[in-house]
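Student: I would like to learn how to read a chain interface and a sheet from coordinates. Can we work through an example?

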Amino acid sequence: MKIQLSQEQRDAIFPANIVLDQKLRLVAVGPTISRRFPAFTPGEKLLNHFRLTVSGQEANVEDVAGTGTMLRLRSLISDEVLRGWAIPWQSGYLLALRLAPLNYDLENSGLQITDFAADDPAVHALLMFSMQRALLEEERLVALELDHARQQSMELADRLSRAAGFMAHDFNNFLSIIMLNSERLKREIVDQPQALRLVDVIAGAAARGSAITRSLMTLSNQRDDSRIPVSLDALIEENRPFFATTVGARVRLDLDLRAAGAKTLVSPVATLNCLLNLLINARDAMPRGGCVKLSSRVEERTDVSGGCKRWVEIEVADTGQGMAKEVCDRAFDPLFSTKAHGTGLGLASVREFAVDAGGETRIVSTEGAGTRVYLNLPCLDHEAKAASGGRPDLQRSSSAPAHLVEYDRADVLVVEDEAFALEALCELLNISGFDVTGVTSGAAAMEELGRKRFKALLTDIVLPGESGAELAAQASRIDPGLKVILMSGYVPQEESLEEDWLFLRKPIDARVVTEMLRTATRA
Amino acid sequence: MYGMIHRAVRQMVLDRAGKLAWSEIEAMAGIGQSELISAESYDDAITLRLIAGAAECSKVTLDEFLLEFGRYWIQYAEQGSFGAILKFTGNDLPTFLRNLNRLHGSVQSVMPVAQMPSFIVVREEDGLIELDYSSSRQGMVPFVEGLLQGLLDRFGLQGHVEHTYPETVTARFRIAFKTGSER
């Protein structure tokens, strides 16, 4: 069968066609050849510009013309390849060719869609490849943006954390003043039961404020992600006032803790964050109020690897609207959120926390019937000792004496920049049998230390000018036998504290400080 | 629609009205970073909220905004990750329009849930092209008109775009332009 093609038709079907004479000299070319191989001009020999192969072997046009054998032409000048067939044509040959891209990256290729025939599958491949490449580039930009946003929020969180820390310090100072002066007042009004009850109310409110402050302090300490054995029940109980504040007045918080004694290896800060995320989600699911139940239990079962057999299961159940299945299925997906202004990171971070701790999460939700989120964390088989590596916190570990007793009189230097707190503390320590000298700054303390020998230095950490830690270091150099007790509601990260210094958390409980000083000065 | 459209709207607002305006639109449309992922397909309602917010912020009607956004999209795509694809699709207006469906066909392969429009050149003369546009989406004619104006800009042509509503397609665009020799 003989086919006649006009040049226009030839160029449309094979834009990279080449017409040669019998001596393989160029007669005419299609638009792709003239555009991409401008040096290949009429009269030029084909073999001066291209290497011809068939199945990797050198080949001749004359041998393959009309045989239907696929011919490959590799440019000797540029990195381009053509593929097609040689056909006897008029008194010479027609090479019916198409561009065969060596790679499918359009960037800087100079390729145009008109270099290809309308039905050439290479066009689809090139576009698909480039589209995927463009989307990858877009995703890279998204990732950079997210990373930038994450860094910004981390910096913001860090600033907030520091601000929260310093605010907590001040707040704890005020609570200290209330608590210490409540204690003083009680001694003044021992014969007035009604007034004593009111003082207890004041002291109780200060204690609750102190618990909330402690939760905020834990949360503000974002850098502390060390994992230690934690009793989740104790952690939840300790932060109950904070959780109640978090869910708000319209939502009732019920605790049902049944995992006493079971410990898991987690970061307390991360755990608190995780529980907070779950409670905030529960609260947001109940804009008109409701109930959130936070419960714990120990479960015995094996995981897929046959590993851990005991798990602490935390359940956060709300009485909100619940979720549709398609929303529920994606609830833990990063960046997925149905809330206006939701980041989609809350539940994702809960899952990340659980997985990091070797646990798992699941969510059960029914539209109109609320949502239950389960957090399963592996129990520690043996109750490991807390490898906190942190500072000793005697306020938590020491048990306060039931009543105050007279001790040997010992000289104590108290440094506290809050005048009311200093006054109350000095008076209470005096009553408890200590010889107390109170000053409001590090400089004044150094003067006293130069004048007199003290058994103990009780100093606030955050002081105007020189910090309490710096003061303690200087004082210890002057008198290595001096017992140092630092007190603060907030320990700035940059402070370096010595191993043998004791630490007292504010707000200060009169009985605890007395006991601590007694122990320190006796030793 | 895909997140790449959202990103382009954001960029247009940032270029023309600044960060504060974008923050207001985000708040108005109830969207955030999670709605700006290029390869993610979002409910058209989200896109519409976003565009409505941007129009309100620009103090123009929705159609006026869509027209301007269409024009901006060409510039945005050309300068961004999709530039090479645009260049490949055609280096003159008629070639580009003739190959739009091929471009969209390939996009469809990569983004299977995309609802791609169809563009068919039904008349082509020197300085005049008639283009039939069909889409399952409603209300996008101003956007397409903006795209065509953006293409005139891209190829350095002076011209104007009109449209009619024949029964057989969503809209027919008539693009009249001066060729190089006439300018």
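Tutor: We take the interface first and the sheet second; the model is predicted.

Student: How many residues of chain B and chain A are in contact?

Tutor: Start by counting residues on each side. Here 31 residues of chain B touch 32 residues of chain A. The area buried between the two chains is about 2700 Å², with 65% of it from carbon and sulfur atoms.

Student: How many salt bridges does the rule find across the interface?

Tutor: A salt bridge needs a side-chain nitrogen of Lys or Arg within 4 Å of a carboxyl oxygen of Asp or Glu. The rule finds three between chain B and chain A. One of them joins Arg7(B) and Glu138(A), at 3.6 Å from N to O.

Student: Which helix of chain B gives the most to the side that touches chain A?

Tutor: Helix 7 of chain B, with seven residues. By class, that side of chain B has 14 nonpolar, twelve polar and five charged residues.

Student: Now the sheet. What is the strand order in chain A, and is the pairing parallel or antiparallel?

Tutor: Read the order from one edge to the other. Five strands of chain A form an open sheet, 16-15-17-18-19, with parallel pairing.

Student: Why is one side of strand 16 and of strand 19 left without a neighbour in the sheet?

Tutor: Strands 16 (435-439) and 19 (502-505) of chain A are at the edges and each has a single partner strand, so one side of each has no neighbour in the sheet. Neighbouring strands are turned by 20 degrees against each other on average, direction ignored.

Student: Which strands does helix 12 of chain A touch?

Tutor: Helix 12 (residues 419-431) packs on the sheet against strands 15, 16, 17 and 18 of chain A, and its direction makes about 170 degrees with that of strand 16.

Key
Residues numbered from 1 in each chain as written. Chains lettered and ligands numbered in written order. Predicted model: local features only at pLDDT ≥ 70, side-chain atom pairs only at ≥ 80, totals over all residues. Heavy atoms only, no water. Contact = heavy atoms within 4.5 Å. Buried area = accessible area lost by both parts, 1.4 Å probe. Helix = DSSP H or I, 4+ residues; strand = E, 2+ residues; numbered from the N terminus. Nonpolar A, V, L, I, M, F, W, Y, C, P; charged D, E, K, R; others polar. Pairing = 2+ DSSP bridges. Axes fitted to C-alpha atoms, helices over the stretch in contact; angles between N-to-C directions.
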